[in-house]
Each structure stands twice: as C-alpha cells, then as structure tokens.
Amino acid sequence: MSWTRKLLRVDLSKGTCTSEALNMDWAKDYLGQRGLASKYLSEEVDPKCDPLGAENKLIMATGPLTGTMASTAGRYSVITKGPLTGAIACSNSGGYFGAELKFAGWDMVIFEGKSDKPVYLVIQNDKAELCDGSHIWGKSAWETDDILHATYQDPQMRIACIGRTAEAGCLYAAVINDKHRAAGRSGVGTVMASKNLKAVAVRGTQGIGNIDNVDAFFESTDAGKAVLAENAVTGQGLPAFGTQVLMNVINGVGGLPAHNMRDVGFAGAENISAEAMAEPRTSDGKPNLTTNGACFGCTIACGRISTVDKTHFSVKDKPQYHGASGGLEYEAAWALGADTGVDDLDALTYVNFLCNEDGFDPISYGSTLAAAMEMFEDGVITTKDTGGIELKFGSAEAFVAATELLVTGEGFGKDLGLGSKRLCEKYGRPELSMSVKGQEFPAYDPRGIQGIGLNYATSNRGACHLRGYTVASEVLGIPVKTEQTDTDGKPELVKAFQDATALVDSAGLCIFTTFAWGMDNIAPQIDAACEGDWSVDNCLEAGERIWNMERLFNQAAGFTADDDKLPKRLLEEAIKSGPTEGQVNRLGEMLPKYYEIRGWSPEGEPTAETRQRLSL
Amino acid sequence: MQKSLNIDPGKCTGCLQCEMACSYEHTGTFNPSRSYIKVFTFHHEGRFAPYTCTQCEEAWCQRACPVDAISVDMATGAKVIADDKCVGCKVCTIACPFGTVNYSQSTGKVVKCDLCGGDPQCASACPTDAITYVDADWTGYDKMMASASKSLPSAEVTA
Amino acid sequence: MQHIIIGAGPAGVVAAETLRKADPEANITIIGDEPEPPYSRMAIPYYLINNIDESGSYLRDPEAHYSNQNIELVQQRVNKVDAAAKQVTLADGSRRAYDKLLIATGSRPISPPIPGLDLPQVSSCWTLADARAIIQRAESGSNVVLIGAGFIGCIILEALVRRGVKLSVVEMGNRMVPRMLDENAGGLLKQWCIDKGIDVHTSCSVESISAADNDQVDVSLSDGGKLSAALVISATGVKPNTELLDGTGIEIDQGIKVNRQMQTSNADIYAAGDVAQGVDFSTGNFEVQAIQPTATDHGRIAALNMAGQGSEHHGTLNMNVLDTLGLISCSFGLWMGVDGGEQAELFNADEFQYINLQFEGDHLIGASSVGKTQHIGVLRGLIESKIHLGDWKQRLMENPTLIMDAYIGCTQELGYS
Amino acid sequence: MKIVIEFYASLMKYLPPGGRRFRRDIKVDEGLKLKQLIEQYNISDEEAHIVLVNGHFVALESREDHVLVEDDVVSIWPPVAGG
C-alpha cells in the first residue's frame with residue numbers, strides 16, 4: 001500500500017501533536033501529496049479565510065511513492081491557502097526531507113491554529129513535539145539548519161524551515177529544506193511564519209516496507225529507471241546541463257521575456273546559460289558549476305551545485321558564500337537575470353544562494369524587482385524610495401543591494417516583499433505587474449509561446465509553468481512538437497499536461513520524469529506500490545479530479561473566470577523583434593475551448609455533470 | 001578472482017538509491033537509516049561520498065570480537081557477522097577505525113557490509129557507476145585501499 | 001618449539017591462534033584454571049539477561065576450534081613458574097617445559113576493605129561462576145545493591161533491571177563511570193538510570209555490610225543511608241593477576257612490565273592482556289588497560305615475537321563502549337583532554353546526546369560520546385592515524401558530530417575546495 | 001557565403017576550433033541545404049533535435065529542402081528540457 005496511513009495533526013494554538021488515521025477513502029480518489037492534502041485543505045479550511053490568519057492551515061504532505069526506490073520518489077509538497085494569491089497553493093520540493101518524514105511514519109503533517117510564540121516541530125519516528133523556537137527566530141534557514149543539527153547531534157536529521165524573509169512578511173517566502181531545496185512558490189513560507197512555526201526537524205528510522213506488490217514494484221520501477229537512463233534528456237541532458245540548458249533555447253526561439261516582459265529576447269542570456277556555467281572563469285580557472293546533485297531517490301540528478309568567484313564584489317568579504325551550494329536553475333536565472341537585465345553570473349548565483357539561505361521565491365522576487373526597475377525607469381519609484389539604490393535594469397550592484405534589503409525586510413525591501421501586484425498598485429502602475437492571480441510569471445513569454453499563456457491564465461496557484469508545462473511540446477518537442485505560435489490544439493494540450501502533472505505530483509514523483517515517462521510508465525509504479533486500481537485511465541481521472549477540486553476551492557474563495565487572464569501587456573503589446581516579432585498572446589481564442597473540454601460552464605465553473613463524473 | 005566494491009565519489013550524485021537497495025536487501029524495508037553503505041554529503045565542496053566497509057585485510061572488527069561472531073566469507077572475502085553469535089557487545093564498533101561497523105538498536109546486533117553474498121545491491125542500484133563491484137586487482141581498488149590506508153591506524157609494524 | 005600460554009582469555013586464545021599461523025609446527029598449550037572452555041567476560045551481561053546460554057560466551061567453538069588448530073587446552077591452575085628451568089608447575093604437581101612462555105592470566109576484582117564483603121550475599125561479577133551466583137540471588141522484586149558504577153558495574157545494570165530487581169547503585173565518584181566518562185557524560189548516565197527507576201548514589205561509599213533477617217543484608221552508606229538487600233554485587237575495579245611471577249625476579253609494577261615486543265624482563269617470558277603493563281598509544285607510557293581490544297592486540301604481538309617474527313607494539317588506544325540500559329556511551333584515548341589542547345562539545349541533556357572531542361593542534365587525541373551508535377569507530381581511526389585535520393579541525397570545533405565527514409574529507413580526494 | 005552556426009550543450013563538441021562558446025562564423029557554399037550542413041558536422045538526426053534557422057524551428061522532414069542563405073544563423077540542440 002506504501003502509504004503509512006497515518007498523519008500528524010499539530011495544533012499550534014494548543015501546542016498539541018496528535019496522530020490520526022489517514023482517510024483511505026480520500027487516498028483512493030486523490031492518491032497523496034498535492035491531491036490528498038488539497039482534499040484535506042478543501043474539507044477543513046474556509047476558502048474565504050485570511051491566508052495569514054489562524055484559521056488557515058499548512059500541510060506538509062508526501063506521496064505514496066515518496067521514500068520508495070522508484071526514481072525521483074523523494075518529493076513532498078506544502079499545501080495551504082496562499083498569501084500572494086488568495087488561491088489554493090501547493091509548492092513542491094525535493095531534497096531529502098519528504099522521504100525522511102515518510103521514514104518517520106507519517107504521510108503528512110497538518111498544522112493548524114497559530115502559536116503565540118516561535119516554535120519548531122521535531123519528529124523522531126512516532127514522537128512529535130513542539131519546542132520553543134525563540135532562539136532560532138531571526139536566524140536564516142542555513143543557520144537554523146545548523147543549530148538544529150547541533151542540538152539533536154544527528155547529521156541525518158532533515159530540516160525544513162523558513163528564513164528571515166518569511167519572518168519579515170515577504171509574501172512570496174519559501175519553505176527551505178536540506179539547505180537548498182525549496183517549496184518555493186506562492187508564499188507558503190509566509191504562512192508558516194504567520195503561525196510562528198520556524199522549522200520542522202525530522203528523523204525517521206522506520207523505513208517503508210509495505211509495498212503492495214513487491215515483484216511488480218521492482219519490475220516497474222527498474223523499467224522506469226532504464227527508460228530515464230536511456231532517454232537523451234533525462235539520461236544525458238539534464239545531469240550534464242541541468243534546467244539551465246533552456247536559457248539559450250528559449251532565447252533562441254523568441255520566447256525569453258526580458259526587462260519585466262517589455263522585451264522578448266535578452267542579449268546577455270548566453271552569459272547566464274548552462275554553457276556559461278560550465279566554462280572556466282578567468283579569475284580562478286574554475287567553472288561556476290561544481291557538480292550536479294540529485295534529490296532523494298533521483299536517478300536523473302539535474303540539480304546544479306555551484307560556487308561564486310571568491311573575488312566577486314558580491315561575496316568578497318563574505319566567506320560564508322565561498323563554498324558550493326545549490327546553484328542556478330533556469331527559472332531563477334531567468335527571473336533574477338533576464339527579467340532584471342542582469343547578466344552577471346556570479347551576482348545571480350550569490351542572490352540565488354540568498355534565496356536559499358533566507359527562503360524566498362526567485363521567480364516572484366526577480367519579477368517584482370523587474371517591475372520596480374521599470375517603475376524606476378519611469379520615475380515612479382525614485383532613489384528616495386529605494387534608499388539610494390539606482391534601481392536600473394542591468395545593474396548587478398543595484399540587484400545585489402536590493403536583495404540584501406529584501407532578506408530582512410528593511411527599507412525598500414519591505415516594498416519588494418509585497419510581490420509585483422501589490423507593489424505596482426502601491427506606486428500606481430498596476431498594469432506593470434506581470435502576474436496572474438497575483439503570482440508572477442516564470443520564464444516563458446506567453447506571446448512567443450501560446451499554450452503556456454493559457455496554462456498561466458488557468459493555473460490554480462497563479463502564474464506557474466509547473467502546473468502544465470506545455471513548453472515541452474511547443475518548444476522542446478516532447479513528446480511531440482507543436483507549433484509554438486499556434487493556438488490550435490493548445491487547450492487540449494494544456495488540459496492534458498495539467499491533469500497529468502497533478503497526478504505525478506500526488507504520487508510523490510518529480511515532474512521531470514515526464515520528459516521520458518508517459519503515464520504508461522508511471523501508472524504501473526503507483527499501481528504496484530499502492531492498493532487499489534491505479535490504471536492509466538484511473539490515474540488520469542484522478543489528475544483531472546484534483547485539478548477540478550483545486551478550481552472549486554478557488555471558486556469558493558471568490559475567484560471567477562475574470563481571474564483567468566493575462567496582463568494587458570501580453571495581450572496587446574506585440575513582441576518588437578526576433579523570431580516571434582509581432583506576436584501577442586491570443587488567450588481569447590483558447591480559453592472558451594479550454595472551459596469546454598474541461599466540462600466547465602462558459603463562466604469557467606465545473607458543471608454539475610463534471611463534478612458528478614469526477615465524484616466531486 | 002575476488003571482487004571488491006570500487007567507489008568513485010566523483011560520480012556520486014547523492015540520490016541514496018544505494019542506501020535504499022542495501023536496506024531493502026537486509027531488512028526488507030526502504031530505510032536508509034539501516035543501510036550499511038552511507039552517502040556523505042560535502043555541501044561546501046559540492047561532493048558526495050558513498051562509504052562502506054572495505055573488507056580490510058586487518059579485519060579489526062573480527063579480531064576484536066569476543067565471541068567469534070565475525071568470520072570471513074571465503075567466496076567473497078567479506079567479513080560477515082553471524083547474528084546467532086553476536087551478543088551485541090559493540091566492541092567491534094569501536095575497534096573498526098573506519099567506522100563501518102555499527103550497532104543496530106532495533107536488532108541488538110552489530111551490522112556491516114557483507115557484500116550481499118557476492119551480489120552487492122548498492123552497486124546494482126547505483127545509476128551513475130559511482131559504486132561498482134569489480135575484480136580486486138582493478139586499479140580503483142588500489143586507489144580505495146590507498147586512501148583507506150592513508151588513515152590506517154597500525155598497532156604494530158611488522159619487520 | 002613448545003609454547004605455553006597461561007590464561008585462557010582473549011589474550012591467550014588470540015596468542016595461540018597467531019602462533020599457530022606463524023609456526024605450523026610448534027606445540028602450543030593453553031593452560032587455564034576456570035572450568036569452562038575459554039569464554040569472554042564481555043558476553044556475561046547477555047548471559048545474565050538470557051540472550052545467550054553459556055556457550056554463547058565462548059571465545060571460540062570449544063568442540064572443534066582448538067583441536068583443528070592443534071592447540072592443546074589444559075584446564076588446571078599453574079602454581080609456579082620456574083624461569084631458570086623454563087618450566088611451569090601445575091596444581092597436580094606435574095611440570096611442563098617451555099621454550100617461550102606467555103603470561104595472560106588477566107585480572108581479578110578488587111576487594112575493597114568493607115566489613116561484611118565476605119558474606120554469602122555478596123558477589124563480584126567477573127566470572128561465569130559469579131554470573132550464576134547472581135542469577136540465583138537476583139530474583140524479581142528483590143533488593144540488590146551494586147557497589148561501583150564503573151564499566152563492569154554498568155554493563156550488568158540492564159541485566160539486573162531486566163530481571164526485575166529493585167536496584168541501588170553506590171559509586172564513590174561524583175558521576176557514573178568516572179574513569180571512562182567526563183562529568184557531562186557520566187551525569188547523563190546517572191540521570192538515565194534514575195529515569196529508569198534505579199536508585200543512584202554518587203559521591204557515596206559503602207561503609208559496611210551486615211547480615212540481617214531472612215537471608216538479607218543491611219548496607220550502610222557513607223551518607224548515613226541504609227539499604228536492605230538480598231544481594232550485593234561488588235564491582236569496584238580489577239587488579240592484574242601477577243602473583244604467579246612472584247619470586248621469579250621478573251619486573252612487576254602495576255602489572256607485569258613488558259617492552260614493545262611484549263617481552264618481560266626475562267627474554268623467554270612474555271605477558272599480554274590485563275596482566276601486562278603495555279604501551280598506551282596516547283601517552284606512550286606503559287600502563288595496565290584491562291580492556292578486551294587491548295588484550296587481543298597484546299596477544300597477537302606477543303605471539304608474533306614468540307614465533308620470532310619481530311613485531312613492535314606502538315601502543316593500544318584506551319577505549320571503551322558501554323550500553324547502560326540502552327544508552328550507549330563510549331570514550332577513546334585522552335578523552336579528558338590535555339593541557340594546552342582544545343575541545344569541541346555538544347551537550348543536549350534533554351535528548352541524552354553528548355559528544356566531546358579533544359584536540360592537540362590539529363590532531364584528535366581523545367573523544368567521548370553518549371547516545372551515538374553510528375560510525376563511532378572512526379574516532380579510533382582519527383586518533384590512531386594521527387591525521388592532520390587541517391580545515392576540518394575548525395568544522396569539528398563548530399559541529400563535532402561530523403566525525404565521519406572529517407575522516408572521509410581528510411582521506412579521500414574530494415577535489416573542489 | 002558566410003553563415004553562423006550555434007551548437008549547444010553536448011553538441012559543442014562538434015564545433016570547429018576557434019571562436020567563442022557555442023558560436024562560429026563559417027563559410028559555406030551557396031545553396032547548401034540545412035540537412036547537408038548538419039551532416040557535415042556528423043550530427044545525427046537524434047542529436048539534432050531542435051534545429052532553428054534564425055530562431056524558427058525547422059522540422060526534421062523539412063531540413064532536406066531548406067536552403068541556407070547568407071547570414072543565416074543555424075542553432076542546434078540535442079534533446080533537452082528543463083523547467
């Protein structure tokens with residue numbers, strides 16, 4: 001069965017930890033992780049609640065495959081109502097934390113209420129306890145990790161925590177685990193901070209032994225690993241170049257937004273690309289990229305581990321940044337780099353370290369900073385607001401200085417922590433926020449790549465590439481190439497990707513496997529591990545059910561079809577140059593069809609028939 | 001030809017498939033905390049180093065065992081613990097200068113790498129060939145022994 | 001060539017095996033005075049909790065091992081060593097000649113000068129015979145007083161508690177196992193024992209034991225307290241069995257003095273194990289260690305030299321590992337540190353976790369820990385190999401739990417730095 | 001005529017010496033077809049997964065007929081992905 005069938009309920013108001021049986025009826029419909037935790041959230045939390053109030057809950061959830069030997073099966077998600085968007089939020093992370101939670105015997109932890117003083121949760125197998133966290137409040141995520149490891153004297157303890165950015169109220173703060181893996185988006189770290197919960201430290205030594213069909217499990221997971229190894233993307237491309245290989249691709253096809261999406265195409269892209277990361281630096285002869293690293297159980301190992309040039313201005317007096325750490329991934333490199341016009345690889349790597357050290361989402365941050373830069377250029381924001389920083393596109397110095405303010409929420413850092421929507425509203429230029437439902441865009445321009453625009457507009461957690469990564473097909477030809485500037489067939493593509501992703505997330509697997517795996521590779525692994533019938537069809541239906549459930553949560557929270565929209569800039573300002581010159585996103589051509597194939601009304605609401613079909 | 005585990009830390013990505021395979025082989029569960037091979041993460045250096053018993057000639061553990069519970073598997077050269085003889089006194093855990101014999105509180109016995117009887121599951125599970133099971137005269141083995149011997153505490157020098 | 005080994009403990013048995021390997025033709029005889037086949041005292045606690053039967057304590061399979069190796073086992077007491085004649089005299093009056101002789105007679109419990117220690121309700125805990133006596137008297141619900149919370153005392157705590165006795169421990173030192181653990185660690189063990197329902201008296205001694213009604217004894221403590229007990233176990237340390245060499249002229253100090261070849265002042269007589277005063281790795285001094293790993297090292301080196309294969313003893317590291325009711329502690333080398341050295345320490349009393357590392361320059365010279373079972377042997381490796389820790393010294397100062405990382409980091413090419 | 005070739009990621013190994021990073025200016029004969037160019041550098045069809053001419057994707061089946069002209073930029077990637 002491979003669920004532990006047990007969840008831990010932590011009442012932060014009362015300071016209690018209680019073990020509770022997992023609702024297996026729900027597990028059979030929603031599998032685990034994203035799906036199952038969203039079900040719990042939907043059942044237990046008023047969708048209209050204040051995301052940062054005591055009535056919101058925060059769930060850390062694993063999938064049934066998490067902690068097994070299936071490739072990439074180490075993932076967990078943080079599920080809550082997000083403060084950046086007000087929508088349901090689910091942020092997925094790798095590293096080792098999720099598997100450890102499972103080894104301790106828990107499928108998920110539900111945090112409810114709010115502690116009146118800083119606390120952290122320590123889980124050692126069956127034993128769970130809230131402890132006074134006043135000594136770690138105010139510490140970075142890295143310091144917190146070190147302190148808790150020293151306290152429990154166990155190098156194998158795994159820690160998920162928030163940094164100072166969350167404490168300072170930044171609305172896109174992340175939960176950092178294992179020092180450089182993040183449940184990054186939608187401000188799930190901010191919710192954790194609002195509950196006065198600083199960290200969760202887990203040590204599990206019970207293991208997972210209850211695989212439903214062991215022979216079928218090893219057969220299907222071994223076969224899956226062979227497919228990953230033989231696939232050019234997952235077997236060679238990702239381990240060698242990581243996600244950053246996309247920088248030149250997306251720039252090359254006219255899909256790389258720059259300068260707050262005012263432009264498409266960034267001349268400095270190649271300086272911050274995977275190819276540049278692998279190049280020896282002139283200063284010390286070493287490349288930015290030190291090695292590739294895997295998350296728990298992952299046989300792909302796409303993670304970048306990098307170092308900053310010790311003599312670079314950003315770190316030269318800061319030896320704590322002279323070692324290796326989690327390096328640039330594509331989305332971060334785009335948001336921190338192309339969108340702000342900064343092509344200084346060392347500066348980006350340093351700021352990326354800060355994203356991990358203090359826990360904030362580089363996508364939302366980079367985009368927010370880019371919006372601020374555009375307003376600075378327009379004279380709406382001045383050095384009076386920024387505390388003297390010349391917030392110009394392309395200035396690495398300004399970029400580094402602004403980030404250091406954001407970390408602790410000092411001065412202009414407080415404004416930057418609002419996210420682009422609130423920042424742009426504050427300075428009277430709401431149209432300059434490149435966001436959907438309040439969450440900033442990732443690294444693909446919806447004008448140059450049409451389908452991803454529809455996905456952004458309909459993504460349940462606000463703009464997000466990871467809800468339905470149609471770029472795989474539209475640009476990368478996976479599984480088949482579709483024309484990036486066409487809208488035909490895109491609603492179908494978006495729906496298929498969204499539903500499949502929801503299922504993959506809910507299993508505890510990494511979405512990157514789908515560059516090589518189809519549902520016919522994935523379903524047998526789930527089916528072997530779990531009781532119940534997890535055929536391809538049932539898996540896809542569960543994915544669709546999860547998507548619709550998230551939609552219903554948002555609907556109840558007050559979202560309507562009017563929120564399925566893109567900023568005017570992307571619908572009206574045509575791309576000025578390059579291979580996609582003249583393009584705007586044609587959302588209007590795609591959205592009605594999308595609603596239709598989803599079985600939603602023209603107002604974007606799942607019909608009674610659809611809800612019934614999906615048992616919702 | 002006797003074989004030995006050859007470990008190349010440069011190829012390790014830290015995925016822990018080896019730990020899961022080892023623990024599954026020996027306990028029937030995916031449980032890295034009970035794996036006999038451990039991957040150490042060197043965050044600062046950006047390195048991962050799998051580490052387990054080298055089945056060293058000196059057999060410090062075997063010599064220290066007060067009840068003859070550790071013997072050499074003649075087929076593989078592995079120093080193997082006989083569970084029915086081990087009383088759990090832990091003397092071998094402090095005698096092994098490589099730190100690769102550990103006490104298991106759940107079983108009350110000590111545990112160490114036994115080369116899975118000649119089919120080491122860690123090597124089979126490793127996706128990057130960071131762990132391979134190769135002929136003992138392979139140069140990698142020498143390299144591994146050399147690195148081990150750099151630190152090999154020697155109670156005596158044989159003339 | 002006739003080798004005689006007096007003493008059938010680990011030192012003697014390992015010596016015999018090493019001799020056999022080194023010299024397939026030699027005659028090898030082990031003479032031991034206990035009635036059982038050679039066994040290990042380390043196993044006694046596990047015998048006491050019925051985890052093993054007596055045979056589980058045997059050093060080797062008594063049926064086959066010695067005969068297969070052509071090692072003669074003689075169960076008798078040796079009354080005399082005639083070094084001039086190169087003969088030993090057994091209790092039955094017979095004599096045996098040797099070319100090389102190994103004294104591996106071990107040690108025996110100290111009898112502190114406490115009135116009443118000779119009462120039948122008082123036992124030491126050293127031999128299998130002692131263990132049988134303890135089993136007989138330590139019945140569930142009965143009161144038992146353990147004198148001495150040293151290593152031997154502590155390893156039988158679990159056995160006694162599991163037998164369901166009401167246990168009191170009286171230790172003269174200010175903490176438990178004072179000769180193996182520092183105040184933090186020894187204090188943790190004390191708290192652990194108290195939490196498990198044991199009545200622990202530290203900085204306290206037994207003044208007298210006197211017979212009382214119902215086969216019980218009264219135990220008077222130095223703090224004025226009085227305990228009633230069905231059984232008193234005396235475990236206040238051991239001393240080397242050197243008497244056999246009295247009058248031979250062989251030099252004896254705390255134990256039998258040996259050189260780095262484990263040779264006594266008589267060229268044909270060697271000594272090994274608890275009885276020998278061998279080289280301590282950490283101090284370079286000649287000291288009695290009385291621990292199992294040292295006994296086997298001694299036995300092996302003595303045997304190599306007896307067989308004419310020059311082998312020099314560079315010293316054994318004093319080290320101990322202890323399981324006190326499931327709380328595992330260990331110490332290595334100069335765990336108390338040295339003048340001018342530095343130490344790194346993490347102490348979490350709530351979690352019963354402790355680690356302490358002692359450095360001299362960038363070498364590790366000693367260590368102790370509580371609550372750790374993983375990779376602890378590497379502390380021996382780090383100390384005995386005298387590894388220059390370099391950058392790792394500072395990292396260990398900040399987080400002393402990274403001992404395995406330090407070891408691997410120092411011995412393998414990790415490339416980037 | 002002069003064209004620009006860009007071989008990215010693992011295809012950098014096929015680049016002729018000289019130049020910087022993944023880009024080279026080269027001289028080719030007039031009328032060279034895209035497929036011929038790729039073959040000249042011994043890049044297999046599997047490796048030439050994403051092929052752009054001036055930023056526009058050219059599918060495998062169209063490469064044979066695609067005639068290159070002066071100043072074309074030909075960019076080639078093996079199968080890659082990220083996100």
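How much surface does chain D expose, and what percentage of it do carbon and sulfur atoms supply? In this predicted model, chain D exposes about 3,900 Å², and carbon and sulfur atoms supply 48% of that surface. The exercises below continue with chain D and then turn to the other chains.

**Exercise 1. Describe the fold of chain D, and decide whether its radius of gyration fits a globular protein.**

Solution. Begin with the secondary structure: chain D has one helix and five strands, and from the N terminus on these elements follow the order β-β-α-β-β-β. Next, compare the radius of gyration with the globule rule: chain D has 12 Å, close to the 12 Å that the rule gives for 83 residues, so chain D is as compact as a globular protein of that length. Then turn to its extent, for which the C-alpha atoms fill a box of roughly 35 × 30 × 20 Å along the principal axes. Of the 83 residues, 51% count as buried, and among contacts with a separation of 6 or more, 60% are accounted for by residues 24 or more positions apart. Finally, consider the charges: chain D carries 10 positive and 14 negative charges, whose mean positions are 9 Å apart.

**Exercise 2. Carry out the corresponding steps for chain C.**

Solution. Start again with the elements, of which chain C has eleven helices and 27 strands. For the radius of gyration, a compact globule of 417 residues would have a value near 22 Å, and the 23 Å of chain C agrees with this. The box filled by the C-alpha atoms of chain C is roughly 75 × 60 × 40 Å, taken along the principal axes. Buried residues make up 59% of the 417 residues, while the accessible surface comes to about 15,900 Å², with 45% of it belonging to carbon and sulfur atoms. As for charge, chain C has 30 positive and 51 negative side chains, and the centres of the two sets lie 4 Å apart.

**Exercise 3. Set out the domains of chains A and C, and describe one pair of domains in each.**

Solution. Take chain A to begin with: it is divided into domain 1 (6-203), domain 2 (240-439) and domain 3 (460-515 + 535-613). The C-alpha centres of domain 1 of chain A and domain 3 of chain A lie 27 Å apart, and the contact takes 35 residues from domain 1 and 27 residues from domain 3. Now take chain C, which is divided into domain 1 (2-108 + 238-306), domain 2 (122-234) and domain 3 (326-411). Here the C-alpha centres of domain 2 of chain C and domain 3 of chain C lie 31 Å apart, with 14 residues from domain 2 and 15 residues from domain 3 taking part in the contact.

**Exercise 4. Work out which chains touch.**

Solution. Four pairs of chains touch, and the most contacts among them are between chains B and C. Chain B and chain D, on the other hand, do not touch, and their nearest C-alpha atoms are 18 Å apart. Chain C and chain D do not touch either, with their nearest C-alpha atoms 23 Å apart.

**Exercise 5. Classify A:Thr190 and C:Leu73 as buried, partly exposed or exposed, and name their contacts.**

Solution. The cut-offs needed are under 20% relative accessible area for buried and over 50% for exposed, with partly exposed in between. A:Thr190, in helix α6 (residues 188-194) of chain A, has a relative accessible area of 3% and is therefore buried. Leaving aside residues up to four places away in sequence, A:Thr190 touches several residues, among them A:Leu52, A:Pro83 and A:Tyr172. C:Leu73, in strand β3 (residues 71-75) of chain C, has 37% relative accessibility and so counts as partly exposed. With the sequence neighbours up to four places away again left out, C:Leu73 touches C:Ile30, C:Pro38 and C:Tyr66.

**Exercise 6. Examine the backbone at A:Pro479, C:Ser203 and C:Asn214.**

Solution. As a reference, most residues other than glycine have a negative phi, and most peptide bonds are trans. The peptide bond from A:Ile478 to A:Pro479 is cis, with omega near -5°, and A:Pro479 lies in the loop between α19 (471-474) and α20 (490-507) of chain A. C:Ser203 has a positive phi near 45° and sits in the loop between β12 (199-201) and β13 (206-211) of chain C, where its relative accessible area of 52% makes it exposed. C:Asn214 has a positive phi of about 55° although it is not a glycine; C:Asn214 lies in the loop between β13 and β14 (217-221) of chain C, and at 71% relative accessibility it counts as exposed.

Technical notes:
Residues numbered from 1 in each chain as written. Chains lettered and ligands numbered in written order. Predicted model: local features only at pLDDT ≥ 70, side-chain atom pairs only at ≥ 80, totals over all residues. Heavy atoms only, no water. Helix = DSSP H or I, 4+ residues; strand = E, 2+ residues; numbered from the N terminus. Rg over C-alpha atoms; globule rule 2.2 N^0.38 Å. Buried < 20%, exposed > 50% of the residue type's maximum accessible area, 1.4 Å probe, protein only. Contact = heavy atoms within 4.5 Å. Areas by Shrake-Rupley, 256 points an atom, 1.4 Å probe, with all protein chains shown as cover. Lys, Arg positive; Asp, Glu negative; His and termini not counted. Charge placed at Lys NZ, Arg CZ, Asp CG, Glu CD. Domains from an automatic or database assignment.
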